[in-house]
Amino acid sequence: MKRAIRYLRFSNLGQSNGSIERQELYTDQYIEYNKILLVDSFIDRGHSAKTFDRPDFLKLQQFIKKHQGNVDYLIVDQLDRFSRDAGEAMTLVKKLQRQYSIQIVSVTEGIVFDYDTPGSYFRTGLQLLLAEEDNINRSIKIRGGNYTARAKEGRFMSNLPPFGYKKEGEGKERTLIIDEEKAKIVHFIYESYLRDIPLNVIKEQVRKMGFDRGGNMAVERVLSNPAYAGMVRAKAFKEHPGGLFPARHEPIIDMTTWNVVQNKMMKPDRSKKTLDDEIPLRGILKCHCGQPLSGAPSKGKAGTWYYYYKCKHSRHNNISATKAHEQLLQVCQLMSLSIQQVQAIKNKAEASLNEKFKENQAIAKEKKEELLKIQEKLYAVEEKWISNQINRETYNRWYANYNSEILTLNATIERYSKDPKSGYKLVSNHLTMLTDMEYVYNQATTIEKREFISMVFDSNLYYENGIYRTPTMMPSLSHNYLIMKEKGLLELTKKGISNWKSLRVEPEGFELSTQ
């Protein structure tokens with residue numbers, strides 16, 4: 001009695017199990033009619049026939065190798081269950097017959113593949129070619145539909161919506177709606193990344209905030225996804241160029257911010273940075289030689305751990321972290337502003353923002369005029385292409401150039417059209433905290449403390465001979481710089497100049513004087 005194994009497959013998990021049942025029915029009838037002994041069955045559910053990289057098909061090949069000479073047939077319902085790649089399929093079936101003496105039987109097509117029989121070889125090749133042609137036609141229809149949906153209709157086509165969005169509607173009317181709570185986490189990711197917070201730290205923070213997407217690269221996918229800027233990406237299709245196209249959903253991140261992030265991600269910092277709450281100034285505070293200070297604990301004789309900031313040069317700084325932090329808190333106390341100073345900042349900021357908004361409106365108007373001109377040029381190129389005045393290569397080149405300019409201009413217009421007053425109201429509600437800068441620093445997280453120091457001293461805070469030194473300090477917080485110097489806390493100097501310039505305090509802050 002002849003012995004056989006059976007292979008069944010269907011590609012769409014959404015299909016009815018009747019597809020497999022139908023294949024089982026027809027192959028069972030063939031096996032029973034021809035009095036063949038079925039040794040084993042292999043079934044791939046939800047796998048395409050484009051390649052042979054399918055779980056049960058791989059098991060099937062291992063089975064054939066192991067039981068060489070004990071299996072006569074590999075039975076399938078139709079050859080397209082076996083493969084839709086004609087070239088690869090013909091190579092494999094020839095190998096099975098020549099190397100393992102096993103033949104492929106297509107039950108419903110009535111084909112028993114025999115490489116030594118011309119008619120059988122021709123029919124098998126024809127069926128496989130027809131299956132591959134059908135696969136190509138389906139692929140063209142799918143790719144064409146996807147291109148139209150993305151490039152022309154601006155639809156987001158993936159099943160899973162990006163984090164920060166939820167799907168709403170059915171069919172072609174389905175679109176992305178912003179989930180306001182999750183969108184805050186997306187904003188945090190982008191803002192933190194642009195503030196040079198290490199990615200591993202961002203990932204720890206967003207997990208605590210409720211970011212639930214799996215995978216080590218989940219945050220990187222958020223940073224690179226154009227959907228957050230209100231765009232969708234479409235692959236080129238036939239003569240139609242690929243690229244980014246405006247989407248129908250609202251953006252969470254403005255286009256300018258997204259572009260800045262993409263440029264930054266092209267040259268990422270691969271070094272893994274760790275933060276320690278006990279030594280927040282590590283890497284921020286610098287030795288007088290300019291080398292950033294490292295930080296590490298040291299165990300005392302009684303078994304207690306003490307933290308220090310150290311320079312890599314042995315004879316340079318080796319500072320007690322406790323002393324350095326106490327000095328810094330005293331500096332923060334002297335940075336505190338009076339109620340009158342805070343009110344003056346509010347008044348000046350509001351007036352400045354009003355003036356800036358007027359300037360921005362003028363710039364936005366200019367950019368809108370530029371946008372109209374670029375759009376007219378794009379329409380002209382499209383008309384020339386439609387009327388066969390230019391070839392496809394020329395059209396693609398100019399389309400890409402003009403489309404890139406349009407995206408940039410739209411992002412610029414969006415940025416300059418925003419009214420800054422809404423952001424100012426949020427800031428002004430917290431300006432009174434400037435009257436107690438020690439409290440502000442103490443309440444900050446380690447990340448916020450590092451950002452605070454970098455911002456106030458423009459990343460130029462040094463330590464030498466038991467005192468902080470800086471050539472740059474935020475003017476509005478430097479009003480007590482003389483007291484800071486007298487107390488041996490901080491000295492504000494201009495590094496690299498032999499004749500030190502003095503500083504004269506003004507109502508708005510301070511200015512340099514050569515007197």
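In this predicted model, helix α15 buries T446, I447, K449, R450, F452, I453 and V456. Those buried residues pack against α7 (199–209), α10 and α14. Just past the end of α15, D458 adopts a positive phi of about 55°.

**The cores**

Nonpolar side chains in soluble globular proteins tend to be buried together. Here the largest nonpolar core has 36 residues, and M335, I453 and Y468 are the ones touching the most other members. Two or more residues come from each of α10 (321–335), α14 (437–443), α15 (446–456), α16 (481–486) and β16 (490–492). The top contributor is α10, which supplies 8 residues.

What does M335 touch, once neighbours within four places in sequence are set aside? Its contacts are M437, F452, V456, F457, M473, L477, H479 and M484. A separate core of 31 residues sits apart from this one, and its members include Y190, I197, I202 and L244.

**Aromatic pairs and a charge over a ring**

Next, the rings. A pair of them is described by the distance of the centres and the angle of the planes. Searching the whole structure turns up 10 aromatic pairs. One of them is F42 with F63: the centres are 5.7 Å apart and the planes meet at 65°, so this counts as edge-to-face. Because F42 belongs to strand β2 and F63 to helix α2 (residues 55–66), the pair ties together parts 21 residues apart in sequence. Are these two residues buried or exposed? Both F42 and F63 are buried.

Elsewhere, Y165, Y190 and Y228 form a cluster linked by ring pairs. Y190 also turns up among the members of the 31-residue core. There's a charge over a ring as well: the charged end of K264 sits over Y193, 4.6 Å from the ring centre.

**Positive phi in loops**

Most residues other than glycine have a negative phi. K35 goes the other way with a positive value, although it is not a glycine, and S101 is likewise a non-glycine with a positive phi. K35 sits in the loop between α1 (18–33) and β2 (37–45), while S101 is in the loop between α4 (86–100) and β4 (103–106). With a relative accessibility of 61%, K35 counts as exposed; S101 is exposed too, at 54%.

Here are the phi values, with D458 included:

| Residue | Phi | Place |
|---|---|---|
| K35 | about 50° | loop between α1 and β2 |
| S101 | about 55° | loop between α4 and β4 |
| D458 | about 55° | just after α15 |

Conventions: Residues are numbered from 1 along each chain as its sequence is written. This is a predicted model: local features need pLDDT of at least 70, side-chain atom pairs count only at pLDDT 80 or more; totals for chains, interfaces and linings use all residues. Side-chain values use heavy atoms; hydrogens and water are left out. A nonpolar core is a set of buried Ala, Val, Leu, Ile, Met, Phe, Trp, Tyr and Cys residues joined through side-chain atoms within 4.5 Å. Buried means under 20% relative accessible area, exposed over 50%, partly exposed in between (1.4 Å probe, protein chains only). Helices (H or I, at least four residues) and strands (E, at least two) are DSSP runs, numbered from the N terminus. Contact means heavy atoms within 4.5 Å. Rings of Phe, Tyr and Trp (its six-membered ring) pair if their centres lie within 6.5 Å; planes under 30 degrees apart count as stacked, over 60 as edge-to-face and the rest as tilted. A charge sits over a ring if NZ of Lys or CZ of Arg is within 6 Å of the ring centre and within 35 degrees of the ring normal.
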